[in-house]
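Let's take a friendly walk through a protein structure, one piece at a time. Have the picture ready, and turn it as you read.

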Amino acid sequence: MRSLIRVGHALTAVAIAAGLTVTTPAGASTAPHWSPRLDNPYVGARPYVNPEWSARAAAEPGGTAVSDRPTGVWLGSIASVQGADGKMGLRAHLDEALRQNANLVQLVLWDLPGRDCGRLAPGGELAWNELPRYKQEFVDPIAAILADPAYAPLRIVTVVEPDSLPFLVTHVLPRNDATLGCEYVKSSGAYTEGIGYALAKLGAIRNVYNYLDISHHGHIGWDEDRELTLALLVKAATSGGSRLGAVHGFIANTADYSALREEFIVKATISGQHIRQSRWIDWNPFIDELSFADAFRSEAVAAGFDPRVGVLVDTSRNGWGGPDRPTEPGYETNVDTYVDTSRIDRRTRIYNWCNQTGTGLGERPVAAPRPNVDAYVWMKPPGESDGASIPLPIADEPFTRECDPTYTGRPDATPDPTDAWPDAPPAGRWHSAQFQELLRNAHPAL
């Protein structure tokens with residue numbers, strides 16, 4: 001178990017938690033009482049509950065069972081920092097956290113130049129060559145707000161630009177899925193320089209904890225993809241004025257659906273064939289998220305990251321409960337049948353990502369659930385859509401076919417259903433039907 005907090009600060013924290021008044025002796029300094037630096041910011045934390053998400057969840061039948069859970073606050077545009085479209089801005093969230101007597105806030109920075117370069121329809125407001133705007137209009141205002149002494153008592157977890165660096169491995173030449181957008185981003189250095197700049201600016205604030213995204217095992221689990229992604233993480237963490245020490249930890253499965261444990265895939269071979277030969281596993285050395293996160297963390301430490309780094313795992317939508325969840329190992333007819341009838345993750349393909357059907361809430365947010373895992377978190381707010389299922393007016397958002405339930409992949413490829421929900425609203429909007437299914441299929445059950 002990694003160390004916690006110094007004794008003097010611990011006594012003050014206990015007094016505050018007990019509702020006692022901590023007075024300042026006459027003549028003593030009235031400087032801000034910064035939250036003490038912790039190895040695991042989630043231990044002993046009172047996480048912030050976003051009232052905007054909580055109200056939407058509570059309005060759903062049965063939603064009050066989870067509406068008091070902490071979720072990530074996503075900053076996905078320059079305007080979102082101050083507040084846009086009637087939504088709370090960053091300062092409003094931090095003020096509300098203090099009002100709740102919370103001491104931990106979870107933020108997601110998600111506005112890189114050329115964001116989503118690997119998608120069929122890239123999103124984001126900044127072009128791949130607008131790195132100066134990203135720094136000056138997005139990162140700098142966020143850092144200025146977080147550095148306000150008024151927020152010194154808060155432990156602020158920042159997830160820096162999820163779903164970005166792995167695209168520069170899997171969606172650039174000579175890969176079959178290469179896109180022009182990712183080629184531009186890679187050649188310009190916008191992702192690595194932008195992430196490094198954010199790490200440096202935020203890491204200089206004493207109560208901020210930076211976590212870098214490592215995607216999930218179904219995206220970069222293969223040895224070559226994992227190794228190249230780790231190299232990009234090192235490059236990003238040493239670019240833009242950053243250093244490896246600015247990274248407090250990593251986060252896996254952000255806004256994704258990969259199961260924590262595939263507990264019913266218990267055999268390595270079926271009829272003389274290794275299960276890695278199955279269509280689902282496809283030679284991936286990992287079959288679930290915890291084994292991947294543990295291995296990636298060890299490799300990151302070997303690459304120079306702090307040996308004390310922890311990992312967060314987003315469990316907001318990876319429960320996969322309900323009637324389709326297996327209860328025992330499957331049929332041993334052949335490797336494909338065995339894996340398909342044993343696996344908890346019911347997606348047609350492990351890389352399907354948009355508004356997946358059949359999903360459920362996963363493990364509830366909890367601190368230090370196992371060694372080297374800082375917390376299970378709901379970084380993606382359950383019930384918020386991943387993207388629209390049909391084309392929308394240009395003013396709303398780019399349409400990506402991965403969110404279309406009728407799309408079956410490239411014409412020259414084996415048909416691969418997207419598993420996406422029909423009638424889904426634009427990204428970030430409330431998706432009532434999916435939220436109801438997440439409740440029904442929650443595992444552990446509500």
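**A sheet, two helix pairs and two rings**

In the crossing of H4 and H5, the handedness is right-handed. Before we look closer, keep in mind that this is a predicted model.

Two packed helices are described by the angle between their axes and the distance between the axes. For helix H4 (residues 90-99) and helix H5 (residues 131-146), the axes come within 10 Å and cross at roughly 25°. Angles under 35 degrees count as roughly parallel, so H4 is roughly parallel to H5. Which residues of H4 and H5 meet? From H4 come Leu90, Arg91 and Leu94, and they meet Ile142, Ile145 and Leu146 in H5. Sorted by class, this contact of H4 with H5 has 5 nonpolar residues, 1 charged residue and no polar ones.

Now find a second pair of helices and look at it in the same way. Helix H10 (residues 223-237) and helix H11 (residues 289-302) have axes that come within 11 Å and cross at roughly 50°. H10 and H11 are therefore oblique to each other. Their crossing is right-handed. On the H10 side you can pick out Arg226, Leu230 and Leu233, which meet Phe292, Phe296, Glu299 and Ala300 in H11. By class, the contact of H10 with H11 has 5 nonpolar and 2 charged residues, with no polar ones.

Next, turn to the strands. An open sheet is formed by 8 strands, and you can trace them in the order S1-S2-S3-S4-S5-S8-S10-S9, with mixed pairing. Which strands lie at the edges? They are strand S1 (73-75) and strand S9 (366-370), each of which pairs on one side only. On average, and ignoring direction, neighbouring strands of this sheet are turned by 30° against each other.

To see one pairing in detail, zoom in on strand S3 (residues 155-160) and strand S4 (residues 208-213), which pair in the parallel sense over 5 bridges. One residue to look for is Val159, whose bridge partner in S4 is Tyr211.

Our last stop is the aromatic rings. How many aromatic pairs does a search of the whole structure find? The search finds 8. In one pair, the rings of Trp128 and Tyr184 have centres 5.0 Å apart and planes at 15°, so this pair is stacked. The pair links distant parts of the chain, with its two residues 56 residues apart. Trp128 sits in the loop between strand S2 (104-109) and H5, while Tyr184 belongs to helix H7 (residues 180-188).

Key
Residues numbered from 1 in each chain as written. Predicted model: local features only at pLDDT ≥ 70, side-chain atom pairs only at ≥ 80, totals over all residues. Heavy atoms only, no water. Axes fitted to C-alpha atoms, helices over the stretch in contact; angles between N-to-C directions. Helix = DSSP H or I, 4+ residues; strand = E, 2+ residues; numbered from the N terminus. Parallel < 35°, antiparallel > 145°, perpendicular 65-115°, else oblique. Left-handed = near helix turned anticlockwise from the far one by under 90°. Contact = heavy atoms within 4.5 Å. Nonpolar A, V, L, I, M, F, W, Y, C, P; charged D, E, K, R; others polar. Pairing = 2+ DSSP bridges. Phe/Tyr/Trp six-rings, centres within 6.5 Å; stacked < 30°, edge-to-face > 60°.
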